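Ready for a few warm-up exercises? Take a look at what is shown below, then try each task before you read its solution.

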Amino acid sequence: MRVCILGAGGLGSVIGGLLAKSGVETVLIARQAHADAVNANGLKMTGVRGEFVVKERLSAAANVDRIDGDFDYMILGVKSKDTNTILDENASLKGRVATVCSVQNNIVKEGILAEFFGEEAVLGASTIEGATLEGPGHAHNHMTVDTTAYFGELDGTVSPRAQLITDAFNAAGLSTKAVPHIRQVLWEKLTQIGNASTWSVSTLAGNPGLGFADGLVVREGAEHFVTVARELLSVYKAQGYEPQNFYAPISRLKEINAIEDYEEAVQMVLKMGQGLKERGTVGRTSMHDDVLRGRKTEAEFIIKPFVEKGAELGIPVPTVTACYRIIRVLDNYLQ
């Protein structure tokens, strides 16, 4: 198997590094400084899976034109707002890749890939693996969960190619499942990410010293979290889905959905925050980090879909809409 990671920042580098470490020939398409560091010294990986350097079966370049040969899979990992740019810059991938998929945080990625590569090339994919690029040649893998990735055909089947990449991820230590309901996984992930991102930026971005758990242990923070979650869930469920906690144990959508009493739900979130604090898991969402680093967020791809789908289905989401407006104001002054 030969895999190309297009847009190898933190997440793409972690996936690519682990695949290469397990025996898969992997090419990272990344910023020049990162590519140069990987080619010179290998990829340093730190975090939940330990500290090590990957050199064998791993190469990198700033553009795929500098890499010869074809690929069995291309995995898109760039920020959603940069999708069209990186695809245009690496247009020579057309005709060189058998299967394409994306691990981005949005629900339009498969459609974009279909327009670029053709519908038959696209495989549904989702992951919640946590990673950041600490510097050229160094990827930090700060979070994983019991099942961290899912693959499946968009027509609701599990194909041989879905199973093959699933097996490769599992061999690399990335616990993965091939499923027939990948579209539901995509929407539930967006609900989970949307909940965390909408809440964290609207609650914590004013103080760079605060992390996710810091807000959850404050009653008003827990109340806000539950309110945002319930609005997002109302849109998710209106499409015929029921929360499954695909990304347990960090997902609490199923529990929040099952608790009718508002106060009980708030107490559950307070307890969750306290548990995170006790374990030292403070952390921040990527959208929160983007704001603190002066970068535009992915609110257009993560939060806006719920505002639009809510309006389409006649489901009010006033708190989410207000948060979206606030974050878009911040975006207007970010790079």
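## Exercise 1: A residue inside a helix

Asn 195 touches Phe 225, Val 228, Ala 229, Leu 232 and Leu 253, leaving aside residues up to four places away in sequence. Keep in mind that this is a predicted model.

**Task.** Find the helix that holds Asn 195, then decide whether Asn 195 is buried or exposed.

**Solution.**
- Step 1: look along residues 182-204; that stretch is helix α6, and Asn 195 lies in it.
- Step 2: check the relative accessible area, which is 3% for Asn 195.
- Step 3: compare that with the cut-off, where buried means under 20%. Asn 195 has 3%, so Asn 195 is buried.

## Exercise 2: The cavity

**Task.** How many cavities of 30 Å³ or more does the structure hold, and which residues line the largest cavity?

**Solution.**
- Step 1: count them; there is one cavity of 30 Å³ or more.
- Step 2: get its volume; the largest cavity has about 40 Å³ of space.
- Step 3: go round the wall, and you meet Gln 104, Asn 105, Asn 106, Lys 109, Leu 186, Lys 189, Leu 190 and Ile 193.
- Step 4: sort that lining by type, which gives three nonpolar, three polar and two charged residues.
- Step 5: ask who gives the largest share; that is α6, with four residues.

## Exercise 3: The five-stranded sheet

**Task.** Work out the strand order of the open sheet of five strands, and say why one side of β5 and of β7 is left without a neighbour in the sheet.

**Solution.**
- Step 1: read across the sheet to get β5-β2-β1-β6-β7, with parallel pairing.
- Step 2: go to the edges, where β5 (58-61) and β7 (97-102) stand; each has a single partner strand, so one side of each has no neighbour in the sheet.
- Step 3: check the twist; neighbouring strands here are turned by 20 degrees against each other on average, direction ignored.
- Step 4: zoom in on one pair. Strand β2 (residues 25-29) runs parallel to β5, and four bridges join them. Here Leu 28 stands opposite Ala 60 in β5.
- Step 5: add the helices. Helix α4 (residues 109-117) packs on this sheet and touches β6 (71-76) and β7, with its direction at about 155 degrees to that of β7. Helix α5 (residues 160-171) lies across β6 and β7, running at about 70 degrees to β6.

## Exercise 4: The three-stranded sheet

**Task.** Which strands are the edge strands of the open sheet of three strands, and what angle does α5 make with β12?

**Solution.**
- Step 1: write down the order, β8-β11-β12, and note the mixed pairing.
- Step 2: pick out the edge strands, β8 (124-127) and β12 (176-178), each of which pairs on one side only.
- Step 3: look at the twist, which averages 10 degrees from one strand to the next.
- Step 4: follow strand β11 (residues 149-152) to β12; the two run parallel and three bridges join them. Tyr 150 stands opposite Lys 177 in β12.
- Step 5: place α5, which lies across β11 and β12 and runs at about 170 degrees to β12.

## Exercise 5: One more residue

**Task.** Is Asp 290 buried or exposed, and which residues does Asp 290 touch?

**Solution.**
- Step 1: find Asp 290 in helix α11 (residues 286-292).
- Step 2: take its relative accessible area of 4%; Asp 290 is therefore buried.
- Step 3: list the contacts, leaving out residues up to four places away in sequence: Asp 290 touches Lys 79, Arg 295, Lys 296 and Thr 297.

Technical notes. Residues are numbered from 1 along each chain as its sequence is written. This is a predicted model: local features need pLDDT of at least 70, side-chain atom pairs count only at pLDDT 80 or more; totals for chains, interfaces and linings use all residues. Side-chain values use heavy atoms; hydrogens and water are left out. Buried means under 20% relative accessible area, exposed over 50%, partly exposed in between (1.4 Å probe, protein chains only). Contact means heavy atoms within 4.5 Å. On a 1 Å grid over the protein atoms alone, a cavity is a set of points where a 1.4 Å probe fits but cannot get out, and a pocket is an open set with protein on both sides within 12 Å along at least five of seven lines; lining residues have an atom within 4 Å of a point. Grid points are joined across faces, edges and corners, and a volume is the space filled by probe spheres set on the points. Ala, Val, Leu, Ile, Met, Phe, Trp, Tyr, Cys and Pro count as nonpolar, Asp, Glu, Lys and Arg as charged, and the others, Gly among them, as polar. Two strands pair if DSSP finds at least two bridges between them. Axes are lines fitted to C-alpha atoms, for helices over the stretch in contact, and angles run from 0 to 180 degrees between N-to-C directions.
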